[in-house]
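Here is a walk through one protein model, from a few ring contacts out to the sheets. Keep the viewer open and follow along.

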Amino acid sequence: MTLNLESIIKAAAKKTKADLVIKNGRIIDVFNLEIIEEDIAIKNGMIIGIGNYDGDEVVDAEGAFICPGLIDGHVHMESSMIHPHYFTTTILAHGVTTIITDPHEIANVSGTSGIQFMLDATEECPVDVFFMLPSCVPATSFEHNGANIEAHDLAPFYEHDRVLGLAEVMDFPAVRDGDEAMVAKLAQAIQHDKKIDGHGAGLAPEDLNIYASAHIKTDHECVTAQEAKERLKRGMYVMMREGTVAKDARSLIPLVNERNARRFLFCTDDKHLDDLVNVGSIDHNIRIAIQERLDPLLAIQIATLNAAECFSLKDRGAVAPGYIADLLFIEDLEKFTIKDVYKNGKSIKEQDHLHSPIAVPDLLKDSVNMKPIHKNDLKIKVETDKLCNIIEIIPNSLITKRIKETVTTYNGEFLPNIEKDQLKLAVIERHKCRGHIGLGIVKGFQMKNGAIASTVAHDSHNIVTVGTSDENLLIAVQAIEQMKGGLVVVCEEKIVASLPLEISGLMSNMPTENTLSSLKDLHDALQLIGSQNNFNPFVALSFLSLPVIPELKLTDTGLFDVTKFEHITIQAK
């Protein structure tokens, strides 16, 4: 959007006509939390007046509520599994006109080349995409990823006008202990007067003091109202997350009131494509808030003005003069049904978003580099009648439980047991042929005969697979290697569905409709192996290797107790 200040002032003063005037709308005033009925005048993509105006074009809002475009305060575009161009087109239809993204996922696979690709790929997107630079690549020292990014690697990116700061700092021990590399990244962001996002999963109040003192001012990992309140007490912003797995909004919204609401914003964090299309993005967060009896105007303020002010985006987040004309026409305020979306003063119905996405560099297409794997590599040695440490998944949660159970064995090796719902889990290093394989036992997938595997495995994105037999696991892993990344379902030792993810093993380069079709095939195939419908097994699987979310996880170096921040053995001591 080009700013011509002289023409804007003339139009605001009514010396010239506005480009567009929207009449008969009910404007949601996010400053006073009121509804006003006046014209909206727009010039050069900017709102230049509220009142009574004439324009070269006049649009009759026909009584629709008009609110600012929505802002997602923290999202990993890679989790949608589609090219950034297709991702932004998808969320724009749901009223999201601005996002703050963290390319942490692709950076862990492809390093600074991945960050640059995401910046380049969003240059001409229909949504405004701002960036927070990945702070933890690798996420921890307890796993192997594809790259290592230090402060000097991030330095050039701070010159980019769409880079707002340093993304979720998830390595709390590094902050607490004053790790030299982490302090350098924090100091670098502060010196550039940039924002710093937090990732305070499970942190005690005393730990939050350390975060806040290090200028970490946001957190999207609150799962209880009390956790959120502790962050508010320390002057932090709380992001209420509603993703595909982590669904925390309903737990946090009861804490929101008119006294503290300005410190809340919404985010999606990680959301799969089918969820985005069928359920929504930040518009879904708003609907949940309203269902939980939050004032609709307050919910809209949280989704717009609050997010803008949190990240110092001074030109958006409100329907007021001097703000970008990103507007939503809402038919039913209680249901938050979107009738039309305006980006930079133009209806998206009238805009052409069909231009081709940028080409993907060859480097990003060749991200699966693993040593050959054999059945013997998947054997788990355990003693009969001895308790084993088992990961128990919690459907639709990032958090897992550490439980102890006896397992079925044969010749001193663990055998998956369908009746006990004890399956074999493996994480296989796939970046630099290191040959690391982490093995574990998991409960909760309720799989009957088969395996699933994926290269989407937060945060290091090694190959992660779960199955009922070594044969099924091996076939799934070999299919992933042949596809150079993606998702696969194996039933009775046969591949029944797959989705290639050629961009760093994380994103498809196909159009949205094609990717959706493949996702449906995968979902249908899951039913063949006995998967339940109350959660998405691929999403649950993708977070089982994330060693910064409690309690027990598996990396390519073995079982990891997040509460103690140390590796443990499968055989309980």
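Let's start with rings and charges: a charge sits over a ring if NZ of Lys or CZ of Arg is within 6 Å of the ring centre and within 35 degrees of the ring normal. By that test, the charged end of Arg26 is placed over the ring of Phe65, 4.0 Å from the centre. Lys14 does likewise with Tyr53, lying over the ring face at 4.8 Å from the ring centre.

Before going further, some ground rules. This is a predicted model, where local features need pLDDT of at least 70 and side-chain atom pairs count only at pLDDT 80 or more, while totals for chains, interfaces and linings use all residues. Residues are numbered from 1 along each chain as its sequence is written, and side-chain values use heavy atoms, with hydrogens and water left out.

Rings can also meet each other. Rings of Phe, Tyr and Trp (its six-membered ring) pair if their centres lie within 6.5 Å, and planes under 30 degrees apart count as stacked, over 60 as edge-to-face and the rest as tilted. There are seven aromatic pairs in the structure. One of them is Phe142 with Phe565, edge-to-face at 5.5 Å centre to centre with 80° between the planes. Phe142 sits in the loop between strand S10 (128–133) and helix H4 (151–154), and Phe565 in the loop between strand S30 (558–561) and strand S31 (566–567), so this pair ties together parts that are 423 residues apart in sequence. (Helices, H or I with at least four residues, and strands, E with at least two, are DSSP runs numbered from the N terminus.) Add Phe560, and ring pairs link Phe142, Phe560 and Phe565 into a cluster.

Are the two rings of that pair buried or exposed? The cut-offs are under 20% relative accessible area for buried, over 50% for exposed, and partly exposed in between (1.4 Å probe, protein chains only). Phe142 is partly exposed at 21%, and Phe565 is partly exposed at 23%.

For a contrasting spot, go to Ser454 in strand S25 (residues 450–454). Ser454 is buried, with a relative accessible area of 1%. Its side chain reaches the backbone nitrogen of Val456 at 2.8 Å. Leaving aside residues up to four places away in sequence, Ser454 touches several others, among them Ile463, Val464, Leu487 and Phe538; contact here means heavy atoms within 4.5 Å.

Now for the sheets. Two strands pair if DSSP finds at least two bridges between them. One open sheet has four strands in the order S5-S4-S1-S6, with mixed pairing. Strand S5 (46–51) and strand S6 (55–60) are the edges, each pairing on one side only. From one strand to the next, the twist averages 25°. Axes are lines fitted to C-alpha atoms, for helices over the stretch in contact, and angles run from 0 to 180 degrees between N-to-C directions. Helix H1 (residues 5–12) packs on this sheet, touching strand S1 (18–23), S4 and S5, and its direction makes about 10° with that of S5. Within the sheet, five bridges join strand S4 (residues 39–43) to S5 in antiparallel fashion, and Ile40 stands opposite Ile50 in S5.

A second open sheet has six strands, ordered S3-S2-S7-S16-S17-S18, again with mixed pairing. Strand S3 (34–36) and S18 are at its edges with a single partner strand each, so one side of each has no neighbour in the sheet. Strand S2 (residues 26–29) and S3 run antiparallel, joined by three bridges. Across S2, S3 and strand S7 (65–68) lies helix H12 (residues 296–310), running at about 30° to S7. Further along, S16 and S17 form a hairpin with four residues between them, and Phe336 in the turn has a positive phi of about 50°.

Finally, look at strand S19 (residues 387–393). Five of its seven residues are buried, so S19 is largely enclosed by the rest of the structure. S19 is joined to strand S20 (residues 400–406) by seven bridges, and the two run antiparallel. With strand S24 (residues 437–443), S19 pairs in the parallel sense over two bridges, and Ile391 stands opposite Val442 in S24.

Notes:
A polar contact is a pair of N or O atoms within 3.5 Å; within protein, one must be able to donate a hydrogen and the other to accept it, and residues adjacent in sequence count only if both atoms are side-chain atoms.
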